[in-house]
Amino acid sequence: MRRRTVTRCVCHKRKFTELKQLAYVQKLNSVEDMMALRLAGCGCGICRPYIAKMLRTGEVEFAPGDVDVEDR
Ligand code: FES
């Protein structure tokens, strides 16, 4: 069976790997920073806790639901 993972903001069609790079280059520290630049998170919002965790841990691939309370 294929393993499903969360690796992108579907609404903005951007992978977390790309968002991580953009965050580094543009010195973005929060999901709100990403949203202000309309890079990710402005659609359905389901990716927001994953992006928060990406910014906190550097991870770019998550099991569905694998977010911590502080990332919600
Ligand atoms: S998946 Fe990122 S806003 Fe919908």
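1. What covers the buried residues of α1? In this predicted model, the cover includes the strands β1 (8–9) and β2 (14–15) together with the helices α2 (31–36) and α3.

2. The residues of α1 that are buried include Phe16, Leu19 and Ala23. Because these residues span an arc of only 55 degrees around the axis, they are placed on the same side of α1. This fits a general feature of such helices: an α-helix has 3.6 residues a turn, so residues three or four places apart point the same way.

3. The other side of α1 has a contrasting environment, for there Gln21, Tyr24 and Val25 are exposed.

4. Turning to the packing of helices, α1, which runs through residues 16–26, and α3, which runs through residues 48–57, pack at an angle of about 55 degrees, and their axes lie 10 Å apart. An angle between 35 and 65 degrees counts as oblique, which means that α1 is oblique to α3. The crossing of these two helices is right-handed.

5. On the α1 side, the contact between the two helices is made by Phe16, Leu19, Lys20 and Ala23, while α3 contributes Tyr50, Ile51, Met54 and Leu55. By character, the residues of this contact of α1 with α3 divide into seven nonpolar and one charged, with no polar residue. Phe16, Leu19 and Ala23, which take part in this contact, are also buried in α1.

6. A last point concerns the residue that follows α1, namely lysine 27, whose phi is positive, near 55 degrees.

Conventions
Residues are numbered from 1 along each chain as its sequence is written. This is a predicted model: local features need pLDDT of at least 70, side-chain atom pairs count only at pLDDT 80 or more; totals for chains, interfaces and linings use all residues. Axes are lines fitted to C-alpha atoms, for helices over the stretch in contact, and angles run from 0 to 180 degrees between N-to-C directions. Helices (H or I, at least four residues) and strands (E, at least two) are DSSP runs, numbered from the N terminus. Angles under 35 degrees count as roughly parallel, over 145 as roughly antiparallel, 65 to 115 as roughly perpendicular and the rest as oblique. A crossing is left-handed if the near helix is turned anticlockwise from the far one by less than a right angle, and right-handed if clockwise. Two residues are in contact if their C-beta atoms, placed from the backbone, lie within 7 Å. Ala, Val, Leu, Ile, Met, Phe, Trp, Tyr, Cys and Pro count as nonpolar, Asp, Glu, Lys and Arg as charged, and the others, Gly among them, as polar. A residue is buried if 20 or more other C-beta atoms lie within 10 Å of its own, exposed if 12 or fewer, and partly exposed in between; C-beta atoms are placed from the backbone. The arc is that of the directions from the helix axis to the C-beta atoms.
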